[in-house]
Amino acid sequence: MVKVAPSVLAADFARLAEEVAEVEKLGADWLHLDVMDGHFVPNISFGADVVRSLRQHSKLFFDVHLMIENPDQYIPSFARAGADLIVVHAEATRHLDRTIDLIKEAGIKCGVALNPHTPPEVLEFVIHKLDVVLVMTVNPGFGGQAFNPVMTQKIKDLNEWREYGGLDFLIEIDGGGSPSNARELEAAGVDVIVAGTAIFGAADRAAAIAAIAGD
Ligand code: DX5
Ligand code: ZN
């Protein structure tokens, strides 16, 4: 079994609360919220106000994925808006250790995302502080892209590191997650699968969530 985190990026933004309520009812574990600034990634999505509004309608664990430059400036407002976990990109901050501390000071879970080209080794001296390592399995910015199979090795490396290092972070993947690769990802060590298109674009969303979870 893996945790399933539907990404609202693929939901109908005009009916966001209903879309979230539906996946919550259908057994989603986390809610993945993609924040894009048009600078770190070539797309713009939404900010902390949307997270705050959704918080009033959902008890799901809010997994806020910041694809923004200068994340330090915005971490407190996303924490106040109701994030349970904030994930920042290793590539988006000059002082990753300081950024991680800022998230932890806000009293919430902390994760770091790695773009496809970024090796896990950049986390060597901070990994003991992390609750989640998010492996980007597409280049960030857009939903609906194809899963990059080269990332399976990165997941296996992280899983081995976790095992032999006595660490307990969760491994999350983001991009192209679906029922067709969920079991292979689980076998490689993935704990949380983000899926936008594969859930919100499915004719039977309940079946899609169950198939990704593996029950
Ligand atoms: C991409 C986002 C993802 C996106 C995944 O930059 O971080 O969370 O919503 O979408 P799918 O599952 O459609 O690849
Ligand atoms: Zn994401």
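Let's start at the zinc ion, ligand 2, which in this predicted model is coordinated by H32 through NE2, D34 through OD, H65 through ND1 and D174 through OD, at 2.0 to 2.3 Å. What is the geometry of this site? The site is octahedral, with six donor atoms and angles of 69 to 171° among them. For reference, the ideal angles for six octahedral donors are 90 or 180 degrees.

If you want to find the donor residues in the sequence, look for the spacing H-x1-D-x30-H-x108-D. D34 sits in strand β2, residues 30-36, and H65 in strand β3, so this pair ties together parts that are 31 residues apart in sequence. And are D34 and H65 buried or exposed? Both D34 and H65 are buried.

Staying with β3 for a moment, please look at the loop that runs between β3 (61-67) and α3 (75-81), because N70 is there. Most residues other than glycine have a negative phi. N70 is not a glycine, yet its phi is positive, about 50°. N70 is also partly exposed, with a relative accessible area of 39%.

Now, on to the salt bridges. How many are there? The count comes to eleven. Some of them join up: D12, R15, E18, E19, E22 and R205 are linked in a network. Within that network, R15 pairs with E18, their closest N and O atoms being 3.1 Å apart. R15 is partly exposed, at 34% relative accessible area, and E18 is partly exposed too, at 48%.

E19 and R205 form a salt bridge as well, with 2.9 Å between the closest N and O atoms. E19 lies in helix α1 (residues 16-25) and R205 in helix α8 (residues 205-213), so that pair ties together parts 186 residues apart in sequence. Both of these residues are buried.

One further salt bridge to show you is K129 with D97, where the closest N and O atoms are 2.6 Å apart. This pair also links distant parts of the chain, with K129 in the loop between β5 (109-114) and β6 (132-136), and D97 in helix α4 (residues 96-105), 32 residues away. K129 is buried, at 19% relative accessible area, while D97 is partly exposed, at 34%.

Last stop: two helices. The axes of α5 (residues 151-165) and α6 (residues 179-188) come within 8 Å and cross at roughly 35°. On the α5 side the contact is made by T152, I155, K156 and N159, and on the α6 side by E184, L185 and A188. Those residues divide into three nonpolar, two polar and two charged.

Conventions
Residues are numbered from 1 along each chain as its sequence is written. Chains are lettered from A and ligands numbered from 1 in the order in which they are written. This is a predicted model: local features need pLDDT of at least 70, side-chain atom pairs count only at pLDDT 80 or more; totals for chains, interfaces and linings use all residues. Side-chain values use heavy atoms; hydrogens and water are left out. Helices (H or I, at least four residues) and strands (E, at least two) are DSSP runs, numbered from the N terminus. Buried means under 20% relative accessible area, exposed over 50%, partly exposed in between (1.4 Å probe, protein chains only). Axes are lines fitted to C-alpha atoms, for helices over the stretch in contact, and angles run from 0 to 180 degrees between N-to-C directions. Contact means heavy atoms within 4.5 Å. Ala, Val, Leu, Ile, Met, Phe, Trp, Tyr, Cys and Pro count as nonpolar, Asp, Glu, Lys and Arg as charged, and the others, Gly among them, as polar. Donors are N, O and S atoms within 2.8 Å of the metal (3.2 Å for Na, K and Ca); water is not among the atoms, so sites may look incomplete. Four donors count as tetrahedral if all angles lie between 85 and 135 degrees; four count as square planar and six as octahedral if opposite donors are over 155 degrees apart and all others between 65 and 115; anything else is irregular. A salt bridge is a side-chain nitrogen of Lys or Arg within 4 Å of a carboxyl oxygen of Asp or Glu.
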